[in-house]
Amino acid sequence: ANTIRFKDLVIDKKGREVRINETKIELTKSEFDILLLLAENLNIVFSREKILDRIRADELELSDRIIDYQISGLRKKIKPYSEYIKTVRGIGYKFKT
């Protein structure tokens, strides 16, 4: 499927768009990639390092703390669905509805 839907949160994989109640949510490339990774892998915990490996451009050296920053921004943008992105203390993040 090209779309992932959780109630009124819709992730369009091909169009790289996220909508809540038909309103387009502006996400950065990294925020979209993180959301898609977590949403496609429900209840699977990803470490910051694993998320970074999946989303970064190979030539970039980034700190895994950038993931916390990206997750924080993502949660603000996708309210009221931000609680779906769960922090797993000491490990990383997962998507749980």
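Buried residues account for 40% of the 97 residues in the chain. The model is a predicted one, and the exercises below proceed from the whole chain to single residues.

**Exercise 1. Describe the secondary structure of the chain and state how its radius of gyration relates to the globule rule.**

Solution. Begin with the elements: the chain contains three helices and seven strands. Next, place them in order; from the N terminus they run β-β-β-β-α-β-α-α-β-β. Then consider the radius of gyration, which is 13 Å, close to the 13 Å that the globule rule gives for 97 residues, so the chain is as compact as a globular protein of that length. Finally, note the extent of the C-alpha trace, about 35 × 30 × 25 Å along its principal axes.

**Exercise 2. Determine how helices H1 and H3 are oriented to each other, and which residues meet between them.**

Solution. First, locate the helices: H1 comprises residues 29-40 and H3 residues 65-77. Their axes come within 9 Å and cross at roughly 85°. Angles of 65 to 115 degrees count as roughly perpendicular, and H1 and H3 are therefore roughly perpendicular to each other. Second, list the residues in contact. H1 contributes Ser 30, Glu 31, Ile 34, Leu 35 and Leu 38, while H3 contributes Ile 67, Gln 70, Ile 71, Gly 73, Leu 74 and Lys 77. Third, sort these by class: the contact of H1 with H3 has six nonpolar, three polar and two charged residues.

**Exercise 3. Decide whether Ile 67 is buried or exposed, and identify what it touches.**

Solution. Ile 67 lies in helix H3. Residues under 20% relative accessible area count as buried; Ile 67, at 0% relative accessibility, is therefore buried. Setting aside residues up to four places away in sequence, Ile 67 touches Ile 34, Arg 48, Ile 51, Leu 52, Ile 55 and Tyr 93. As a last step, compare sequence with space: Ile 67 and Gly 92 are 25 residues apart in sequence, and their C-alpha atoms are 9.2 Å apart.

**Exercise 4. Carry out the analysis for Ile 85: is this residue buried or exposed, and which residues does it contact?**

Solution. Ile 85 belongs to strand S6, residues 85-88. Its relative accessible area is 3%, so Ile 85 is buried. Apart from neighbours within four places in sequence, the contacts of Ile 85 include Leu 35 and Leu 38, Ile 71 and Leu 74, and also Tyr 93, Lys 94 and Phe 95. Ile 85 and Ala 39 are 46 residues apart along the chain, with their C-alpha atoms separated by 8.8 Å.

Notes. Residues are numbered from 1 along each chain as its sequence is written. This is a predicted model: local features need pLDDT of at least 70, side-chain atom pairs count only at pLDDT 80 or more; totals for chains, interfaces and linings use all residues. Side-chain values use heavy atoms; hydrogens and water are left out. Axes are lines fitted to C-alpha atoms, for helices over the stretch in contact, and angles run from 0 to 180 degrees between N-to-C directions. Helices (H or I, at least four residues) and strands (E, at least two) are DSSP runs, numbered from the N terminus. Angles under 35 degrees count as roughly parallel, over 145 as roughly antiparallel, 65 to 115 as roughly perpendicular and the rest as oblique. Contact means heavy atoms within 4.5 Å. Ala, Val, Leu, Ile, Met, Phe, Trp, Tyr, Cys and Pro count as nonpolar, Asp, Glu, Lys and Arg as charged, and the others, Gly among them, as polar. The radius of gyration is taken over C-alpha atoms; the globule rule is 2.2 Å times the number of residues to the power 0.38. Buried means under 20% relative accessible area, exposed over 50%, partly exposed in between (1.4 Å probe, protein chains only).
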